[in-house]
Each structure stands twice: as structure tokens, then as C-alpha cells.
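Hi,

Here is the structure I promised to pass on. Have a look at it first, then read my notes below.

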Amino acid sequence: MSDATQEPEIVEELALLPLDAWHRAKGGRMVPFAGYEMPVQYEGIMAEHLWVRDSAGLFDVSHMGQLFLSGDGLDAALEALIPADVAGVKVNGQKYSLLLAQNGGILDDLMFTRWDADNGAHPGAAGLYMVVNGACKWDDIAHLREHLPDEIEINHMDEHALLALQGPKAVDALSRLVPGVEGLIFMRGGRFDWNGTSLWISRSGYTGEDGFEISVEADKAVALADALTAQPEVKPIGLGARDSLRLEADLPLYGHDLDTETTPIMAALNFAVASKRRREEANFPGAERILLEREQGAIQRRVGLIVEGRQPVREGALVLDDEGNEVGRVTSGGFAPTVQKPIAMAYVPTAMAEVGTRVTLSQRGKIHHGEVVPMPFVPHNYVREGGPK
């Protein structure tokens, strides 16, 4: 068959981050991710990972979906879609939760914060600021529009960039530019001013380290990134180190460790359904299944593994029983720079989920051995009331 009769190849056009040219000028190696061109590394994943653990790294996470929800009855309407105690979140309080399917599977994981009317991004309007995963954001927006009442307004803040400054020295660097951020604690946020630019800053992130997430108007993002990386503690960090950091910290990645086939209990996210009121009301999607699993246990469970030797196992590696049958699967894996060992997350039968259980893994026909260990692999370094941890 001649080329003229073949179907043309459809190439998806990747979107560009507000900091695209900035990343390239800094030496970022760009790769496709979640529909965007994003920097995977600058100086090398290992070096960047260790820099964040010791100092502070700047991540561009502007591919994430930033939403602002407002309107009468918002709390109750959102509680019909997620298991969190939305009504119990105070102004400037932040909470992790899950957008659930009717079968109890996870459509996405997300963070939301209650904003008052003086939030900077939507002055005069109080509501909930929500951050969802970049690869899911259009499906999430469609799901919210379909299932929330018409009186709830959903504003996609696509004119804002989102930066994450992570590491034990992040507070030193950011407080020089934005005095007052040092007063925040983990999972709290607030509006701050930087040289006349309004910033929404929360003390949160996805590395297990202390740090901040900063929402800023897209046209001010380059100036802010320049100011942050001018601080001696801060270097730009790519997706590669972000992935290894979150793996060490036992932070699951949607589309890999979480999906519509996994429930919060299977995913070891029991804290996401910790509210006594919400459990008693049982009016969130999949409540019957999730609460039964919470009481009796799920068939499978997400666990952490230390893998013997130096060769890491990757997503897709099989977990085998004593007869060589597939009974589970690795969802994330790699060499952990801080631990200096290969580590992995996997779903295994609940009977194999006890710490200390030996497991056999198969990757491309090669057998590996590992052991179930407590997670996180590296202790969290969050700053809570009364001090760190």
C-alpha cells in the first residue's frame, strides 16, 4: 500500500506552561506529560532529589487544574461527590480528598481550601479553591458541572500558574520575599502580597518535605520564579525528582497508584473517610462498599516494598504467589536516592499486606525478591502546630 492511501498520523499538540521559555533557558529537558511540555530534569534526577531533601527546590506544577467553586449550598453539594467533611473546613483550612465514582472507585484525588471574600483571585466571593490533577482536569470539570447543582459556579483559573517550593529551607527563601508565610502551618493557606502581586500560598506540597504551593497570575510567574531561584537555597527541579520524592513519601500518583478500579481503602487512604459524620450519613458515592471495606478489609491493599539488590522494579511488574501465579502488581517503583535502595508501591492481596511479608516480583521475565515495609519510606517533615512533623 502506498503512503498516499495510509491514514495520516494524528499528533497531539502539547500545551505550553507559562514558564516554558524559562525552563528551557535554565537547561530543562522537556518531555510530554499530562498534555503539556514539562521539564523532567535540569542537572540530573539524583542531584535534584537530594537537593530538595537538604535545601529547597522549585517545581512548576501549572499543568494542574485550579478551580474556584462558589454558590449557595456548595458544601452539601460537594459532599455528595467526595467523602471529606467539607462543612467542617474553616477559612484558610486545606484538606485532601477524593472524587469518587458510584462504585467507590477513585476518579481523581484533589486538595481544596476554603477562601473568604478577600482571596485575591476572586475578590468579593467566598468559596472553595480546588486543585486537581492535570491529566484529569477536563474530566473532573465535566464531572463537577454534571453533578453539582446549577447554582454552583465553577471557575477554571486557567489564567493562573502554580509553583511548588519544597524542602527544609523553603521557608527561609520564601519568607525573605513574602514576610509572614513562616506563620502558616501544614495544610493552611492565605493571601499574601509580593511587590503588588497577589499570591495565594498554602503550606503544602507533594514531596513529604516542608514547603509551599503558590498560585500566581500567569503573567507574573516568570518574575516570581526568577526571584525564588535567586535565593541561595533554591534550584529548579524537574518531574523526575518530583516522582522519586513523592514515592519515598508514600504519596500516590493518580493514574498509576490510584484509578477507578481502586477504592480509598484498597489505596490505604483510610484517613480520607475519617469523618464520623460522613460515615454515619454514608451519602457519598460508593459509601456502602467503602464503609464495608473499612470495617472488614478490602481484597487488595496498597503496600510499600523494599526490593533486594540494586535493580529497581517498575510500574507493571507482577507480584507472584508461591505457585508463580499473578496476585498483584507494582504501580510505582524506582531507586530511592534518600533510602539508597530500590523501593516500590504495589497492590497485593490483604493476606500479603502485613509488614515483614516476603514477596516475589517478576519484571520482563526476571525474578526479584522484596519485603513489605512500613510507609512512608522517608519520614514526613511537615510543620504542624507545636513544631515540625
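A quick definition before we start: helices and strands here are DSSP runs, with at least four residues for a helix and at least two for a strand, numbered from the N terminus. Also keep in mind that this is a predicted model.

Let's begin with the C-terminal part. An unreviewed UniProt entry annotates residues 301–378 as "domain: Aminomethyltransferase C-terminal". Over that stretch the chain is 56% strand and 0% helix, and its end C-alpha atoms sit 20 Å apart.

Now find strand S20, residues 366–373. What does S20 pair with? One partner is S15 (residues 300–307), which runs antiparallel to S20 and is joined to it by four bridges. Another is S19 (residues 358–363), also antiparallel, with six bridges. Gly370 is a good residue to click on in S20: Val307 stands opposite it, and Gly370 is the bridge partner of Val359 as well. S19 and S20 make a hairpin with two residues between them. In that turn, Arg364 has a positive phi of about 50°.

Next, the second largest pocket. Its volume is about 210 Å³, and 13 residues line it. Which of them lie nearest its centre? Those are Asp259, Thr262, Arg329, Thr331 and Tyr347. Strand S17 (residues 326–336) gives the most to this lining, with four residues. By class, the lining has five charged, five polar and three nonpolar residues.

That's it from me, so enjoy exploring!

Technical notes: Residues are numbered from 1 along each chain as its sequence is written. This is a predicted model: local features need pLDDT of at least 70, side-chain atom pairs count only at pLDDT 80 or more; totals for chains, interfaces and linings use all residues. Side-chain values use heavy atoms; hydrogens and water are left out. UniProt positions are given in the numbering used here, feature names are shortened, and annotations may be inferred rather than shown by experiment. Two strands pair if DSSP finds at least two bridges between them. On a 1 Å grid over the protein atoms alone, a cavity is a set of points where a 1.4 Å probe fits but cannot get out, and a pocket is an open set with protein on both sides within 12 Å along at least five of seven lines; lining residues have an atom within 4 Å of a point. Grid points are joined across faces, edges and corners, and a volume is the space filled by probe spheres set on the points. Ala, Val, Leu, Ile, Met, Phe, Trp, Tyr, Cys and Pro count as nonpolar, Asp, Glu, Lys and Arg as charged, and the others, Gly among them, as polar.
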